[in-house]
Amino acid sequence: MGEASETGGAEAHENEGALDAGEAARLLAQTQRQAQRDLDFRSPLLSLVAAVVVLVGFGIVWLSVRGQHPYTGPTAASLVVLYALIAIRIGTVISAQSRAGAGVSGRSVRLRRAEGAAAAAALLAVYVLMAALVNQGNRHPAFYWVYGVAATLIALGAVWAGRSAVREDWQDLAISVAVMLIAAGSALAGPRGMWLSDGIGCCVVLLANAGALALLPGSPATGR
Amino acid sequence: MTADALDPLIHVPARLQIMATLAALPTGDQLSFTRLQDMIGLTPGNLITHLRKLEDAGYLTTEKTGSGPASRTSVALTSQGRAALDLYTATLRTLLNGL
């Protein structure tokens with residue numbers, strides 16, 4: 001400690017104002033609240049953005065397939081909108097994570113890299129399996145869209161559930177499990193209804209998460 | 001019980017803020033000197049003085065990596081520091097309940 005690059009050679013001096021117990025308690029609570037807000041990337045706004053992304057993205061794809069007889073799959077235009085919205089969502093998460101994680105190093109950073117690798121491996125496995133099934137003759141668009149969407153959500157939900165369990169983050173664990181159940185249940189609605197069911201189901205879960213982050217004690221937004 | 005029962009090393013505004021901020025990190029994580037300074041709003045010299053006192057008491061560790069302008073100092077709370085802050089918080093609660 002004491003390197004010139006960080007201290008600027010400034011003369012250190014004491015700043016020890018007297019505190020009574022009430023002032024100390026207020027300062028402690030305020031600092032804890034602020035630190036939790038600054039260091040945790042999750043926020044009600046981020047969850048709200050995710051809720052809008054799934055509802056609008058999946059909703060637009062549903063509008064493009066709901067009248068199809070026979071089923072040919074989502075139109076290119078609807079997929080462009082969906083992928084653009086997903087890119088926006090990924091961008092907002094990366095931006096929030098890098099802001100919150102600036103200057104932080106150690107165990108949680110290593111854990112996050114391992115979680116990223118696990119998510120990438122899970123997605124790769126989903127698509128390799130899908131390619132193998134298509135190669136064996138399952139070429140109907142209904143098959144690979146239902147399988148592709150459900151398996152992607154289940155794989156991502158499982159990785160996030162594992163992450164949440166390790167960190168004892170029960171709120172995120174509940175959300176991950178809910179997303180997996182919605183994905184599996186929506187597959188029962190078929191290649192058209194699946195998009196609407198996934199969109200509404202995930203939107204409701206994410207809105208509930210935004211509300212919990214904004215109101216519940218111990219959440220990053222309240223820090224209580 | 002009086003305010004004298006509170007750990008005098010922590011019972012100073014700047015050091016209380018440093019301890020509470022570092023305690024918000026998960027165990028095993030460190031925070032860079034510059035980020036800690038941004039979060040608390042102390043001058044570098046003032047922050048260093050308080051960090052040295054807390055480090056001498058075994059409440060935190062500092063680790064310097066690199067050299068020259070690219071050097072980086074990271075700060076982390078020790079288990080002893082966490083225990084001291086927990087005790088401070090419990091004592092504070094007892095004091096306030098007694099009022």
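What is the mean pLDDT of chain A, and what percentage of its residues reach 70 or more? In this predicted model, where local features need pLDDT of at least 70, side-chain atom pairs count only at pLDDT 80 or more, and totals for chains, interfaces and linings use all residues, chain A has a mean pLDDT (the predictor's confidence in each residue, from 0 to 100) of 88, and 89% of its residues reach 70 or more. Residues are numbered from 1 along each chain as its sequence is written, while chains are lettered from A and ligands numbered from 1 in the order in which they are written.

**View 1. Confidence along chain A.** Helix α1 (residues 4-7) of chain A has the lowest confidence in that chain, at a mean of 42, and helix α7 (residues 170-187) of chain A the highest, at 96; helices are DSSP runs of H or I with at least four residues, numbered from the N terminus.

**View 2. The surroundings of Ile154(A).** Ile154(A), placed in helix α6 (residues 141-166) of chain A, touches Met180(A), Ala183(A) and Ala184(A), not counting residues up to four places away in sequence, where contact requires C-beta atoms, placed from the backbone, within 7 Å. Ile154(A) is partly exposed because 19 other C-beta atoms lie within 10 Å, whereas 20 or more would make a residue buried and 12 or fewer exposed.

**View 3. Helix α1 of chain B.** Nine of the eleven residues in helix α1 (residues 13-23) of chain B are buried, among them Ala14(B), Arg15(B) and Leu22(B).

Definitions and conventions
Helices (H or I, at least four residues) and strands (E, at least two) are DSSP runs, numbered from the N terminus. Two residues are in contact if their C-beta atoms, placed from the backbone, lie within 7 Å.
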